[in-house]
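Thanks for sharing this one. Here are my notes on the strands and how they are put together, point by point.

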Amino acid sequence: MNFNSPNLSSNRKSKTFNNPERFIEGWYWAISSDRLRVGEVKAITLLGRDLVIYRGKDKKAVTFDAYCPHMGAHLADGKVEGNGLRCYFHQWKFDSEGFCVDIPCLDELLPLQLKAWPTAEQYGMIWVWTGEFPLEPLPFIPELEAQDFDVTIISQFIANCHPHAVIINAIDTQYFNTVKRVPVENIFEPQELNQNAIAFTNNTQGRKGNYLSKLIRPFYKNDLNYSVCYWYGSTSMVTFMPNFLHLHFMLTLRLIAGGKTEGHTILMIKKRQGILGRLYNRVVLSLGKVLSQDFLKVDAKIFEKIQFDFRTPVKTDQAIMQFINHLERQPALSWGTWQQARSLRDPEPRDNRDKWRDALND
Ligand code: FES
């Protein structure tokens, strides 16, 4: 790769990378599952758009635009009834698809439909797709795709910089070898899984002579395994540790006002049967939680003060540049409106999107 070529030498020509006005169309976390009980409705702001999210009698989470199509009352002041939501102001009721199904002062219904957003639930979180129809799945780790797994949410945090500055950390080889002193030679092999997902795998040998490497080497069947799978440029799924363990760490981020980041860290491990299996998972997740919190402390310090501007990529930043190139090919939306992003730097945004949709339909 030529790191002096104009399109790779910096992010100044990037349309979406580190841009506080854009985000990739995709799945984003909205609220943790335990904060939305049956019969509850909550106001949320997701990527600059006001929404309400509620859980009906059928236990499914439903997401609508926040304001009632009658006079604009905020629907979070309303009430969940069965699987629908009734506005507090004049008591109009909407079903889970957003259709108006009751207007107390009228004998006939009006053909009204609230904007409902695709909503799903996994990893202890409720997720919203920011377009009409989900074109790709929820973020997942290929290794766990057909597996049951145990999950624990480690933390929720705010970072004083763009989500992209935070998320590239997992493939920042210089940072790993200097700050974290990770005992591996980091050579990442990229693999594009689909339009919205790219994985980086590192199967290189640990560095000889490193104390940590010597300590953990007996637990490895083969080489050290570390892989990262990025989804929508905003969620990373990291698999690390020895082959017998395979603990998975999810960092899921979203852009908030001021170009800052709000995120969650989540740990996952393949489900194990029996009392011993469950106990084993509980111990490993607790241990992972403590280690991760310690690991993230250093990062928090960096992301509190950074003025992120990736102006001078060097050869060891190759994986980051590959991440950026993949990101720039994904359909982007504008923060706040969720309309397709357009700018003077982006004269033909429909082209890539149309080609991609055509490819999906073939
Ligand atoms: S504003 Fe909602 S029913 Fe009137």
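1. A199 has C229 in strand 16 as its bridge partner. That contact belongs to the pairing of strand 15 (residues 197–202) with strand 16, an antiparallel match made through 6 bridges. For the terms: strands are DSSP runs of E with at least two residues, numbered from the N terminus, and two of them pair if DSSP finds at least two bridges between them.

2. A word on the source before going further. This is a predicted model, where local features need pLDDT of at least 70, side-chain atom pairs count only at pLDDT 80 or more, and totals for chains, interfaces and linings use all residues. Residue numbers start from 1 along each chain as its sequence is written.

3. Strand 16 itself deserves a look. Since 6 of the 6 residues in strand 16 (residues 226–231) are buried, this strand is largely enclosed by the rest of the structure. Buried here means that 20 or more other C-beta atoms, placed from the backbone, lie within 10 Å of the residue's own. Y226, V228 and Y230 point one way, while S227, C229 and W231 point the other way, and all are buried.

4. On to strand 17, which runs antiparallel to strand 16 and is joined to it by 5 bridges. S227 stands opposite T239 in strand 17. The two strands form a hairpin with 3 residues between them, and Y232 in the turn has a positive phi of about 55°.

5. Strand 17 (residues 235–240) also pairs with strand 18 (residues 247–256), antiparallel and over 6 bridges. Within strand 18, L247 is the bridge partner of F240.

6. How are the strands ordered in the open sheet of 7? The order is 13-19-18-17-16-15-14, with antiparallel pairing. Strand 13 (149–159) and strand 14 (189–194) each have a single partner strand, so one side of each is left without a neighbour in the sheet. On average, neighbouring strands of this sheet are turned by 15° against each other, direction ignored; the axes behind such angles are lines fitted to C-alpha atoms.

7. Please look at the other open sheet too: 4 strands in the order 6-7-8-9, again with antiparallel pairing. Its edge strands are strand 6 (79–81) and strand 9 (100–102), each of which pairs on one side only. Strand 6 meets strand 7 (residues 84–86) in the antiparallel sense over 3 bridges, and E81 stands opposite G84 in strand 7.

Definitions and conventions. Axes are lines fitted to C-alpha atoms, for helices over the stretch in contact, and angles run from 0 to 180 degrees between N-to-C directions. A residue is buried if 20 or more other C-beta atoms lie within 10 Å of its own, exposed if 12 or fewer, and partly exposed in between; C-beta atoms are placed from the backbone.
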